[in-house]
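Q: Can you walk me through this one? I'd like to start with the basics and then look at some helices.

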Amino acid sequence: MKQRAVWPAVLAVAALALGGCGSASGTRSSPGGSEGKLVVWDWKSGEAAAAPYIEKAKADFARKHPGVTVEFVAQPYEQYYTLLGTAIQSGTGPDVILFNGGGRIRDRADALLPLDEYVAEDRQRLGGWDAFTKDGKTYAAPVTLQGHPIYYNRTLYEKAGLDPASPATTWPEFIADCATITRKTGAKCFALGNKEGYGIQFFLSALGSGVFTPQQYDDWIAGKRDWSSPHVKRIFALWKETQDAKLNSDGPNSTAMFNDAFAVFQSAKAAHVIGLMSDVGHWKDFSEFLTADKLGVMRAPVVVPGTTPSLAYDGGIGYGVAKWTKDPKMAADLVRSLSSTDALSAFYAQAGAIASDTTIDVSQGGPAAAAIVADIKTGKPALHVALSSQTLDLMGRLSQQLLSGSITVDEVVKQLAASDQAG
Amino acid sequence: MPNGESLTSVRPVEAGRTDRAPQRRPLPPGGASRRRRGGRRRERLAPYILLAPAVLIIVLLRLWPLVLGVNFSFTGDGDRDGTVVGLDNYRELFADPLFRGALRNVGLLVLLLPVAVAIPGLLATFIYLRVPGHRLYRSAYFFPAVLSPVIVGAIFNLLLAFDGPLNAVLGGVGIGPTDWLGDPDVAMFVVVGVHVWATFGMGLVVFLAGFATLDASLLDAARVDGASLPQTIRHVIVPSLSRTIQFVFVTTMIGMLTSMFGLLYVMTSGGPEGSTYLPEYYIWIQQGQMNRPALASAASTVLFLVMLVVGLLQISLLRRAVREV
């Protein structure tokens, strides 16, 4: 009896192992949707701060295409790409789709229409195109820029007797300033949250330009990464040094970056934080606590002499057009409306996003916003964005081990090199 | 007689409820065959028709998806989507130190299981024995069980933060701060502790229900004979509650292996250094973050097998223990 029950099960498993079939991809049906209507998917249009932006973009589009209805469907961000994946599988998704730049859009580029012929006029006006480009073709028009400026608290600088207008430009000076701040005010140097392993990503990208030579930097972005070079090791050694020298806020491995680490900075318990430019943890968030004129943005200190620090940023979010849309020209016009100067100005003013349009006047945003925008021209893509999600995940865990002192820098770069080459 | 033998082999199904009373087996083989001869077709079909809804639900909604999932785990991800890759996913799983760490943590949970069962058991005993204030304790103990793991996690995140109240209290009595959720040697125990705190109320209620069936005269007899509390527990309560204990063991184990996701997600995100990964968290990361659904299916299959083996082992071990008592 027992044997009779076991054998079919064994055979079934064997059959599955040998003939495993089926997949995540479904059959593609013909596109749906109706004439005179465009459906947009995003995770922004539901936010109050984004409402004026959407209104402006809709008005701009309505001028060009009166009578066409535009429907914005706001999806929850946590499930956005899962829902989008399902829509792409069925081939009946929205016409215009919001994407994060980088891997998120590149992985799904075969469901999108190249926009190069439609957006030629916007090339000069907008920045951050690279993040939405794959194999020389552009798949979305950038809306915001996302990057990692080093923010500092000018009040703490003043209390420590330092000049907030001229923060340190070299690493030794920076360490000395931090020591002064901690001695005079009790505040730590960095607010660090590395619970999810994001801390190391921000650190790598914000300080990398002060460690890598321009050539090394460009090679890294282009995929030619020499993990055994002394400069790469220097960055990870620097990460460890900041912890050993007690520059970081307490318990970084149990502090979430969003938003516990930012809260540490906002409550003036730390003088610096590596934050974001758009979305959250950015200049407008911080300004609400520290006031706009007390929030500074500094360039990365020079760690290795001869390097030129620059702002690390990429295209943040941008709208693309689905392959199955009925009228590509009309959909592309909506994308252009969504990245028009008027609309982006509203997005900047209300949501505090650093828009892709660098012609927007940011003089009202205080010194931090002005400093960020001024650095965009010379900025470069962020180092960590070039890595695969597997490597980033591993780097997060290794960085925690570095902080707790249970691994060496050599071992870290060895493991990362193996992961980077595999991915 | 082959007929009689095949009938005998069906017996355990019937005996499932009466278990220790095989002598009460109702019909001798001869009687059965007499009835079968006289049985009409409708009567023969009736049990199948009555069983059909349950069987269909189990097959369509449980077994079939399970088979699909196992099947899916033998296919590839990304570029190899849909192609047969044999055991590649399983090979990759067992080569991944993160997954091996997750399995080690499952082992740790199994080791901590007796503690997780003993706590509600002991507290239920105290309530049953009417310690002063037992009514208050009964509701207080159950209270955390109604909180969502996310809320529990958030509360303990605050309490256990490096600059949080627990470290402040410890600092007050001269004990240096511990990074409860940031130290890889401590974090897993902390999360398990919080999980036990949040869920032991359920086990407690089951134990109290078990006590309701306990024969009070046995306790009185033990008391008259002058048994101490430990003796009463050892020789009266534990044997009488063996079924309940068995049930709580299995449900607590399943709870620990499948319901700690919320706590892990909120409290540690699998960290620090990947030390609090459990298979279910690993599955979620691979499927949602790394875009590797087939690898996640393979991990799910492994988790399923682990649960199956652990569950069966527990039941057989406990059966033996019960018999010895």
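A: Sure, here is a short tour of this predicted model.

Q: How many helices and strands are there in chain A?
A: Chain A has 17 helices and 13 strands.

Q: And what share of its residues count as buried?
A: Of the 423 residues of chain A, 54% are buried.

Q: What about the area chain A exposes?
A: That comes to about 17,800 Å². Carbon and sulfur atoms supply 54% of that area.

Q: Let's zoom in. Which residues of helix α14 of chain A are buried?
A: Helix α14 covers residues 341-351 of chain A. Its buried residues are Ala343(A), Leu344(A), Ala346(A), Phe347(A), Tyr348(A) and Ala351(A).

Q: What do they pack against?
A: The buried residues of α14(A) pack against α2 (51-64), α12 (283-290), β13 (317-321) and α13 (328-338) of chain A.

Q: What comes just after α14(A)?
A: Gly352(A), with a positive phi of about 75°.

Q: New topic: chain B. How do α5 and α12 of chain B cross?
A: Helix α5(B) is residues 97-128 and helix α12(B) is residues 242-258. Their axes come within 10 Å and cross at roughly 135°. An angle over 145 would count as roughly antiparallel. The two helices are therefore oblique to each other.

Q: Left-handed or right-handed crossing?
A: α5(B) passes α12(B) in a right-handed crossing.

Q: Which residues make the contact?
A: On α5(B), they include Val106(B), Leu109(B) and Leu113(B). On α12(B), Phe249(B), Thr252(B) and Met253(B) are among them.

Q: Any pattern by class: how many are nonpolar, polar or charged?
A: The contact has 12 nonpolar residues, 1 polar and no charged ones.

Key
Residues are numbered from 1 along each chain as its sequence is written. Chains are lettered from A and ligands numbered from 1 in the order in which they are written. This is a predicted model: local features need pLDDT of at least 70, side-chain atom pairs count only at pLDDT 80 or more; totals for chains, interfaces and linings use all residues. Side-chain values use heavy atoms; hydrogens and water are left out. Axes are lines fitted to C-alpha atoms, for helices over the stretch in contact, and angles run from 0 to 180 degrees between N-to-C directions. Helices (H or I, at least four residues) and strands (E, at least two) are DSSP runs, numbered from the N terminus. Angles under 35 degrees count as roughly parallel, over 145 as roughly antiparallel, 65 to 115 as roughly perpendicular and the rest as oblique. A crossing is left-handed if the near helix is turned anticlockwise from the far one by less than a right angle, and right-handed if clockwise. Contact means heavy atoms within 4.5 Å. Ala, Val, Leu, Ile, Met, Phe, Trp, Tyr, Cys and Pro count as nonpolar, Asp, Glu, Lys and Arg as charged, and the others, Gly among them, as polar. Buried means under 20% relative accessible area, exposed over 50%, partly exposed in between (1.4 Å probe, protein chains only). Accessible areas come from the Shrake-Rupley method with a 1.4 Å probe; for residues, only the protein chains shown count as cover.
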